[in-house]
Amino acid sequence: QQETTVASGAVLRGLDKTSGTTKDIEMTAGAIVEFGRLSIVLRECRYPVGNPSGDAYAAVEVVEAGREGKVFSGWFIASAPALSAMDHPRYDVWVMRCTTS
């Protein structure tokens, strides 16, 4: 198992499947960012020790305006986005990398 360290933030990528537009979302841990009707909270981003550009693991929670409960709550893994994909008819969000400002 690879040892990881905590980063100060992450870059997520959001896709609006209806319009086909993507947006890179840079955020710090604990921040809430709006993407379309979604509110995204970054809980934590981890990366391999000594390799900030290596694989990113982001703990994320996503809620949608007007919808009960969370759309997604868990870990996004940069190298394996399909392992923990968010299931939403209009939006897709995944982690690109951690940031270490």
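How many residues lie between S2 and S3 in their hairpin, and which residue in the turn has a positive phi? Keep that in mind while you get your bearings.

This is a predicted model, where local features need pLDDT of at least 70, side-chain atom pairs count only at pLDDT 80 or more, and totals for chains, interfaces and linings use all residues. Residues are numbered from 1 along each chain as its sequence is written, and side-chain values use heavy atoms, with hydrogens and water left out.

**Stop 1: the whole chain**

Show the protein chain as a cartoon. You'll find 0 helices and 8 strands; here helices (H or I, at least four residues) and strands (E, at least two) are DSSP runs, numbered from the N terminus. The C-alpha atoms fill a box of roughly 40 × 25 × 20 Å along the principal axes. The radius of gyration is 13 Å, which agrees with the value near 13 Å for a compact globule of 101 residues; it is taken over C-alpha atoms, and the globule rule is 2.2 Å times the number of residues to the power 0.38.

Switch on a surface and about 5600 Å² is exposed, with carbon and sulfur atoms supplying 48% of it (Shrake-Rupley method, 1.4 Å probe; for residues, only the protein chains shown count as cover). Of the 101 residues, 38% count as buried, where buried means under 20% relative accessible area, exposed over 50%, and partly exposed in between (1.4 Å probe, protein chains only).

**Stop 2: the S2–S3 hairpin**

Select residues 9–16 for S2 and 21–28 for S3: they pair in the antiparallel sense over 8 bridges. Two strands pair if DSSP finds at least two bridges between them. Back to the opening: 4 residues sit between S2 and S3, and Gly20 in the turn has a positive phi of about 80°. For a landmark along the pairing, pick Arg13, which stands opposite Asp24 in S3.

**Stop 3: across to S8**

Now add S8 (residues 91–99). S2 and S8 run antiparallel and are joined by 8 bridges; try Leu15, whose bridge partner in S8 is Asp92. Together you have an open sheet of 3 strands in the order S3-S2-S8, with antiparallel pairing. S3 and S8 are the edge strands, each pairing on one side only. As you look along a strand, remember that in a regular strand the side chains alternate between the two faces of the sheet.

**Stop 4: the disulfide**

Show Cys45 and Cys98 as sticks. A disulfide joins them, S to S 2.1 Å, and a search of the whole structure finds 1 disulfide (a pair of cysteine sulfur atoms within 2.5 Å). The pair links distant parts of the chain, with Cys45 in strand S5 (residues 38–48) and Cys98 in S8, 53 residues apart. Why is this disulfide left-handed? Because the torsion about the S-S bond of Cys45 and Cys98 is about -85°. Both cysteines are buried.

**Stop 5: S6, S7 and Ile77**

Finish with S6 (residues 57–64), which pairs with S7 in the antiparallel sense over 7 bridges. Ala59 faces Trp75 in S7 across the pairing. Their hairpin has 5 residues between the strands, and Gly66 takes a positive phi near 80°.

Last click: Ile77, in S7 (residues 70–77). Leaving out residues up to four places away in sequence, Ile77 touches Asp55, Ala56, Tyr57, Leu83, Ser84 and Val95, with contact meaning heavy atoms within 4.5 Å. Draw a distance from the C-alpha of Ile77 to that of Gly54, 23 residues apart along the chain, and you get 11 Å.
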